[in-house]
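Hi,

Here is the structure I promised to pass on. Please have a look at it first, and then read my notes below.

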Amino acid sequence: MFDGIRKRVVSMWFPRLASDRALRARPVDGPFALTLNTNNANRIYCLNAKAERQGLSCGMSYSDARIFCPELQSAPADPALDARFLHALRRWALRYCPWVGIEGRDGLVLDITGSAHLFSGEEPMLADMRQRLGRAGLSVRLGLADTRAAAWALAHHGEGSDRCEPGNPLAVLGGLPVAALRLDAGTETALQRLGLRTIETLEAANRASLARRFGPALLRRLDQAMGRQPEQISALIEPPHYGLRMTFPEPIGLVADVMESTARLLDRLCSRLAENEAGARILLLTLYRVDRAAQTVELRLARPLRDATRILPLFEREVGDVDAGFGIDLIRLEAVEVAALPSEQISAIATERTTRLDDLINRIGTRIGIENVQRFLPADSHIPERAFSLSPAFANDPKGGWASPRPRPIHLFSPEPITGSGSLPPDRFRWRRMPFTTAHAAGPERIAPEWWLEDDNWRTGLRDYWKVSTRQGRRLWLFHTPQHPGWFVQGEFP
């Protein structure tokens, strides 16, 4: 049953979104185009109105465009930056209604049902959209109708009208081409060959014949435009924002005052992180002085955290070095990088051990830089030099322990030659100018080089490793190269 509130949808199409974005950053007086390398050819991606009036079009090669328009200026396109700009426009469009979605790569769709009266009606609302976007240097075409499909059709193909009166879509859409129904290129060409070039002629055609020839997709698009079949508007969900600020009636400058204010912001921030089961990896504290200068304190954490009592002491060292000048009247705390931190059931002993290690890494990291605190991680290689990797402690969480079929020395270094002959460890040898006598030897353990990797240290071929205990108390790791006879020391056991 009709409840008295008719659904109304606005479609915003930015036909020159990419070029308008580029010209906002660097204005150009004359024909301008953005180029993109497609299939090993540099082609026109987007152009401004002056370039279109010169006969240029999207998709043509850049060399042909320069022939038609020698004064054409160009720049490389950046589709990723265009997508970010479109998302920024979506956030701006929330001023008109709470339901705003993305329409392709250059459009927005707004469900303004029940919100037009806030702008004194639909016409003033459309005029306000055009005025604000025009001041921002953006070309836009608008369409307003009862359905999403009809609004899209008016925005993209409605040359004479951008508004469809409630309950009468065919009166406005009838003269539009069938391309306004968002059909694929093959279906559109086939309809034109049959003489069905407008929506009005398509609406008058036999539906059963259309369904047999083109399938249900064509009739679904037609029914969506006429309002006989609904089409949802999926509004994007705003990601949680982890940023807070605090202003002061009087400027502050003492470290204790700044830390107290930071503690209050940190408590609220951690509560918000806990609600979303997230933890902060990088925190940014910005202190704004009364002379409009700003100083920042960045804190990188070894693990995602949302415990204010553990995070707050890490700010004290950096805050103490801040120059407050004539006073600080605003501080802002933001978690610029967060990670998932779901609640989990773990033992108290493991929790205390992990917490103490993470706090130690955080404290050392605030002094020398969190990237300089590194740990050894096991690597999947039987070559001793490649059986481990060095990585920042905060970026990797080791899973499991070190698995080795045979013991490896704690101290590993580059191979150092010693005197010896034969395939058995020498009874006596000199290493680092010190004489040694072999008391016990265990081995050999043969290790072959990894043939798929180039390594100058393993050009001698196979290695037979021995664990040698000397009468002098040193426990060394020796190896023999049978293909190029020689003995070397590469490690020492504790």
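With which side chain does the side chain of Arg148 make a polar contact? The partner is the side chain of Glu103, at 3.0 Å. Before I go further, please keep in mind that this is a predicted model.

Let me stay with Arg148 for a moment. This residue belongs to helix H6, which covers residues 148–157. Its relative accessible area is 14%, and under the 20% cut-off Arg148 therefore counts as buried. Leaving out residues up to four places away in sequence, Arg148 touches Val9, Ile102, Glu103, Val109, Glu231, Gln232 and Ile233. Glu103 thus turns up both among the residues touched and as the polar partner.

Another buried residue is Thr187, whose relative accessible area is 14%. You will find Thr187 in helix H8, residues 185–193. When neighbours within four places in sequence are set aside, Thr187 is in contact with Phe214 and Leu218.

That brings me to helix H10, which spans residues 207–214. Its N-terminal end is capped by Asn206: a side-chain oxygen of Asn206 lies 3.0 Å from the backbone nitrogen of Ala208. After H10 comes Gly215, which has a positive phi, near 85°. Phe214, one of the contacts of Thr187, falls within the range of H10.

Now for the chain as a whole. There are 14 helices and 19 strands in the protein chain. The chain is more spread out than a compact globule, because its radius of gyration is 35 Å, well over the 23 Å that the globule rule gives for 494 residues. Taken along the principal axes, the C-alpha atoms fill a box of roughly 105 × 65 × 55 Å.

A few totals may be handy for your own work:

- Burial: 42% of the 494 residues count as buried.
- Contacts: among those with a separation of 6 or more, 57% are between residues 24 or more positions apart.
- Surface: the accessible surface comes to about 27,600 Å², and carbon and sulfur atoms hold 51% of that.
- Charges: the chain has 64 positive and 58 negative charges, and their mean positions are 4 Å apart.

If you open the model in a viewer, Arg148 and Glu103 are the pair I described at the start, with their side chains in polar contact.

Best wishes

Notes
Residues are numbered from 1 along each chain as its sequence is written. This is a predicted model: local features need pLDDT of at least 70, side-chain atom pairs count only at pLDDT 80 or more; totals for chains, interfaces and linings use all residues. Side-chain values use heavy atoms; hydrogens and water are left out. A polar contact is a pair of N or O atoms within 3.5 Å; within protein, one must be able to donate a hydrogen and the other to accept it, and residues adjacent in sequence count only if both atoms are side-chain atoms. Helices (H or I, at least four residues) and strands (E, at least two) are DSSP runs, numbered from the N terminus. The radius of gyration is taken over C-alpha atoms; the globule rule is 2.2 Å times the number of residues to the power 0.38. Buried means under 20% relative accessible area, exposed over 50%, partly exposed in between (1.4 Å probe, protein chains only). Contact means heavy atoms within 4.5 Å. Accessible areas come from the Shrake-Rupley method with a 1.4 Å probe; for residues, only the protein chains shown count as cover. Lys and Arg count as positive and Asp and Glu as negative; His and the chain ends are not counted. The place of a charge is taken as NZ of Lys, CZ of Arg, CG of Asp or CD of Glu.
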